[in-house]
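Let's take a walk through one model together. We will go from a helix to the empty spaces in the protein.

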Amino acid sequence: MDARELEVRARAEGTPVITGDTATFVWRGRGPVFLQGDFQDWRGEPLALERVAPGLWVRSLALPRDAYVEYALFDARGQRLRDDFNPRVSDNGFGDVNHAFYMPEGGPSLPARRPRGAPRGRVTQHRVDMSDVGLDGERTVHLYAPPTREPVPLLVVFDGEDYLRRVRLPELVDTLVADERMRPVALALVSNGGMTRGVEYACSEYTVALLLWKVLPLARANLPLLDERHHPGAHAVLGASLGGLMALFTGLRAPEVFGRVLAQSGAFVVENHEFVVFDLARHVPRRPLRVWMSCGRFEVLLEGNQRLAPLLTASGHRVEYREFSGGHNYPAWRDDVVRGLECLFPPVLSPRRR
């Protein structure tokens, strides 16, 4: 494809120009221009675009055909440049707004809107006083009550405000339940501690206790929950990155309450340091967990996930592990968490579907 044809396609279709498994980034303007993105896990030196005509710069990459990709262009000083051929941007939750695209076989896991007429759950905001457990101030917890009066499992969500705003988890659950792809669940979306997030999520026994002392009583008082005393392990916990690490740790430490774990891109190994979940995974559990784990193929965290999943399986936990073609961001987690919800909360089919 010559330079003129590339530019014509970029203006008509947007960038990158995709042919099969090849994505070609096209830039019109002064150079030099550099590219960085999920395909490098945002590490190492940016990739230089090649000047193929006066003021026209390109770079081609082979990518998985089902990938979701975020990227940025930079000038020689390291300043971000706007890609005028790609208006799609993503505020991915980590402080930057990136350009984004799907490869031909990728795409959102659900429609942007709920099915018309689908029952909706109700989200309420609560402030939990932390002073009596040795922490300053209050913590925000959003509770989602599904549109049912029947007792349901509770799914506790770390980084709850991100899952509420970026993943739109209550809307996603509404849609999956309406389509009979999962059973109804309640949600407790727990905000993190801001500057103390890393300490709270690095396998903290105190965070597990806060869920049992604060979040679970709040949820019981406001939601129609299954009683874990009669249904051991009925509830679940979800998180991404360090939140994924904390989700698995919570299940391993309190399996009689949280018997199901959804860990997205779990940060189980950081800077070659294995967290204690590896040691816990090697022990025969007092109550096996149902674990759903996933990680992006572009992520530096992938190797730790690949090593931990078989350890959990060998100890007797029921583990579903998958890898998706994406990086470390909330849009990718939104697309992928659907599979985890369907796996751990299979639908109770209505009589017409049995």
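What follows is a short report on one helix, a cavity beside which part of that helix sits, and a pocket. Please keep in mind that this is a predicted model.

**Helix α5**

A good place to start is α5, which covers residues 205-222 and so counts 18 residues by its DSSP run. From the first C-alpha to the last, α5 reaches 25 Å, close to the expected 26 Å. Along the way the helix bends by about 35° at V215. A proline, P217, follows that bend within four residues.

At the N-terminal end of α5, S204 acts as a cap. One of its side-chain oxygens lies 3.2 Å from the backbone nitrogen of Y206. The buried residues of α5 include T207, L210, L211 and V215, and these names return below. K214 is also among the buried residues of this helix.

**The largest cavity**

The model holds 3 cavities of 30 Å³ or more. In the largest cavity there is about 90 Å³ of space. Which helix gives the most to its lining? The answer is α5, with 4 residues. Both α4 (197-201) and α5 supply at least two residues of this lining. Among the lining residues are T207, L210, L211 and V215, together with M130, R139, F158 and E200. V215, where α5 bends, is thus a name to look for in the cavity wall as well.

S191 is another residue of that lining. Its place is in the loop between β14 (186-190) and α4. Is S191 buried or exposed? S191 is buried, because its relative accessible area is 9% and the cut-off for buried is under 20%. S191 and L164 are 27 residues apart in sequence, while their C-alpha atoms are 9.9 Å apart in space.

**The largest pocket**

About 520 Å³ of space lies in the largest pocket. Of the 22 residues that line this pocket, D41, R43, V300, L301 and H328 are the closest to its centre. Two elements, β17 (269-270) and α8 (302-315), each supply at least two residues of the pocket lining.

The table sets out the two linings by residue class.

| Space | Nonpolar | Polar | Charged |
|---|---|---|---|
| Largest cavity | 7 residues | 2 residues | 2 residues |
| Largest pocket | 7 residues | 7 residues | 8 residues |

When you turn the model on screen, α5 is a handy guide to the largest cavity, with 4 residues in its lining. For the largest pocket, you could start from D41 and H328, two of the residues closest to its centre.

Conventions:
Residues are numbered from 1 along each chain as its sequence is written. This is a predicted model: local features need pLDDT of at least 70, side-chain atom pairs count only at pLDDT 80 or more; totals for chains, interfaces and linings use all residues. Side-chain values use heavy atoms; hydrogens and water are left out. The expected span of a helix is 1.5 Å times one less than its number of residues. The bend at a residue is the angle between axes fitted to the seven residues ending there and the seven starting there. Buried means under 20% relative accessible area, exposed over 50%, partly exposed in between (1.4 Å probe, protein chains only). A polar contact is a pair of N or O atoms within 3.5 Å; within protein, one must be able to donate a hydrogen and the other to accept it, and residues adjacent in sequence count only if both atoms are side-chain atoms. On a 1 Å grid over the protein atoms alone, a cavity is a set of points where a 1.4 Å probe fits but cannot get out, and a pocket is an open set with protein on both sides within 12 Å along at least five of seven lines; lining residues have an atom within 4 Å of a point. Grid points are joined across faces, edges and corners, and a volume is the space filled by probe spheres set on the points. Ala, Val, Leu, Ile, Met, Phe, Trp, Tyr, Cys and Pro count as nonpolar, Asp, Glu, Lys and Arg as charged, and the others, Gly among them, as polar.
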